[in-house]
Every structure is written in C-alpha cells, then in structure tokens.
Amino acid sequence: MTCRILLHSIRGRTHKVGEELAWELGAQLHEIDAENTDQTIFGRLRSGFSALVARGISIAVPDQPWDRSDLLILGAPVWNGKAARPMRQWLEGRPALPARVAFLLISDETDYPAEAVEDLSSLTGRKPVAVLHVSDTDFSGGTWKGRLEHFLDQCVVRYRNSA
Ligand SMILES: Cc1cc2nc3c(=O)[nH]c(=O)nc-3n(C[C@H](O)[C@H](O)[C@H](O)COP(=O)(O)O)c2cc1C
C-alpha cells in the first residue's frame, strides 16, 4: 500500500505526530510551506486575520502524484476552528486526490474538532477512513499514542476491505 502524508505545522506538533505515523505506516512524509507562519502572538493574529478574510497566502506544496496513493493522510493544526489555512488553501485548488483519505488534526483544546473534520470532508469531497485528533494536553502527556493503533488499524483494515 502506498501511503503519503501531507501536513502543515508551525510549532512542530503536527510534524512530530506525522513522523510517527510515517514510521508506523512506512509512508512518505511531505510538508506544505507557507509564509507568515511564525508562532508569535503577532504571527498568530496575522494568520488568524488571513484565515478570517480568506486572503490567499503564498504556499509551497511538493509536486507528488497524490491521487496515485492508496491512502493520503492530511495533517494540520486547528486554526480558528478549521484546519490551518495553508492546508485549506491547497485543497481549495481542488488537487487530484485518492479515494481514501484520513485526517490528522492537532489543537490546543481537548474537544473533538468536529467543524474542522466536516470542513476537510467537504473540501476533499471524501469521508475520511480515519481521523486522529491530538490535543496539546494529549501531546504533552503522550496519551495520544494510546489511540494510535486504532487509527492505524482503521487506515489499513478499511483499505483491505475496499481493496
Ligand atoms: C492562527 C492560529 C489559530 C488557532 N486556533 C485554534 C483554535 O481555534 N482551536 C484550538 O484548539 N487551537 C487553535 N490554535 C492552536 C494550535 O492548533 C495548536 O497550538 C497546535 O498544537 C499547533 O500545531 P503545530 O505545532 O503543528 O503548529 C491556533 C493556532 C494558531 C497559530
């Protein structure tokens, strides 16, 4: 199974979880680079403002045959209730995607980011085979690792079922 992971991360949390997924699944890990992604309060306000006014930002996405993956995991921090702007902006360009996608969402809050999941489903036009949500508390305490196996099983089992 060819699995790719595409993520955006500023403070490195999404990246760290993505690395672990890549290791477990033998997947290739790719990142979206974007301008204005500093983590200071000003950078955060600027990114939040761009997200609110839906202003385009400059992003760089690796050139990969995304749609030729058996599974594509999209990873992003939650910004203003939705996946981070660089990921949303890439998806708004309607890239060719594989049938199976999974989402990785990282947030400060512990509540399940239902709005972000729904928004990503709508942007991708796909119902995800699996969703892994990691809150900052989960991340710091390492408790998210307890849910990792279930997420990986969903990715792999559902792939086998529909293969
Ligand atoms: C512009 C901006 C908006 C954010 N909005 C939210 C939010 O609505 N809800 C939330 O729980 N966390 C929010 N956060 C916090 C990030 O989701 C959180 O710090 C995450 O761990 C960062 O992931 P990273 O380390 O991969 O960058 C926001 C962060 C930024 C920079």
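A residue is called exposed when its relative accessible area is over 50%, and buried when that area is under 20%. The structure described here is a predicted model. By the first of these cut-offs, Asn-80 is exposed, because its relative accessible area is 52%. The points below cover the ligand site, the nonpolar cores, helix H3 and two residues with a positive phi.

**Ligand site**

- The ligand is surrounded by 19 residues, of which Ser-9, Ile-10, Arg-11, Thr-14 and Val-78 come nearest.
- By type, this shell consists of five nonpolar, eight polar and six charged residues.
- At least two shell residues come from each of helix H1 (13–25), helix H2 (41–53), strand E5 (71–79) and strand E7 (101–107).
- Backbone atoms approach oxygen atoms of the ligand: a backbone N or O atom of Arg-11 lies at 2.8 Å, a polar backbone atom of Arg-13 at 2.8 Å, and a backbone N or O atom of Glu-109 at 2.9 Å.
- The protein buries 91% of the 650 Å² that the ligand exposes when taken alone.

**Nonpolar cores**

- In soluble globular proteins, nonpolar side chains tend to be buried together.
- Here, the largest nonpolar core comprises 22 residues, and those with the most contacts inside it are Val-17, Leu-21, Ile-73, Ala-102, Leu-104, Leu-132 and Phe-151.
- Strand E1 (3–7), H1, E5, E7, strand E8 (130–135) and helix H6 (145–162) each contribute at least two residues to this core.
- Beyond its neighbours within four places in sequence, Phe-151 is in contact with Leu-21, Ile-73, Ala-102, Phe-103, Ala-130, Val-131 and Leu-132.
- Another core, of 20 residues, lies apart from the one that contains Phe-151; Ala-76, Ala-83, Leu-91 and Leu-105 are among its members.

**Helix H3**

- Helix H3 (residues 85–92) is largely enclosed by the rest of the structure, because seven of its eight residues are buried.
- The buried residues in H3 are Arg-85, Pro-86, Met-87, Arg-88, Gln-89, Trp-90 and Leu-91.

**Residues with a positive phi**

- Most residues other than glycine have a negative phi.
- Asn-80, a residue other than glycine, has a positive phi near 50°, and its place is in the loop between E5 and strand E6 (82–83).
- Arg-94 likewise is not a glycine, yet its phi is positive, at about 50°.
- Arg-94 follows H3 and is placed in the loop between H3 and E7.
- With a relative accessible area of 55%, Arg-94 is exposed.

Definitions and conventions. Residues are numbered from 1 along each chain as its sequence is written. This is a predicted model: local features need pLDDT of at least 70, side-chain atom pairs count only at pLDDT 80 or more; totals for chains, interfaces and linings use all residues. Side-chain values use heavy atoms; hydrogens and water are left out. A residue is near a molecule or strand if one of its heavy atoms lies within 4 Å of it. A polar contact is a pair of N or O atoms within 3.5 Å; within protein, one must be able to donate a hydrogen and the other to accept it, and residues adjacent in sequence count only if both atoms are side-chain atoms. Accessible areas come from the Shrake-Rupley method with a 1.4 Å probe; for residues, only the protein chains shown count as cover. Helices (H or I, at least four residues) and strands (E, at least two) are DSSP runs, numbered from the N terminus. Ala, Val, Leu, Ile, Met, Phe, Trp, Tyr, Cys and Pro count as nonpolar, Asp, Glu, Lys and Arg as charged, and the others, Gly among them, as polar. A nonpolar core is a set of buried Ala, Val, Leu, Ile, Met, Phe, Trp, Tyr and Cys residues joined through side-chain atoms within 4.5 Å. Buried means under 20% relative accessible area, exposed over 50%, partly exposed in between (1.4 Å probe, protein chains only). Contact means heavy atoms within 4.5 Å.
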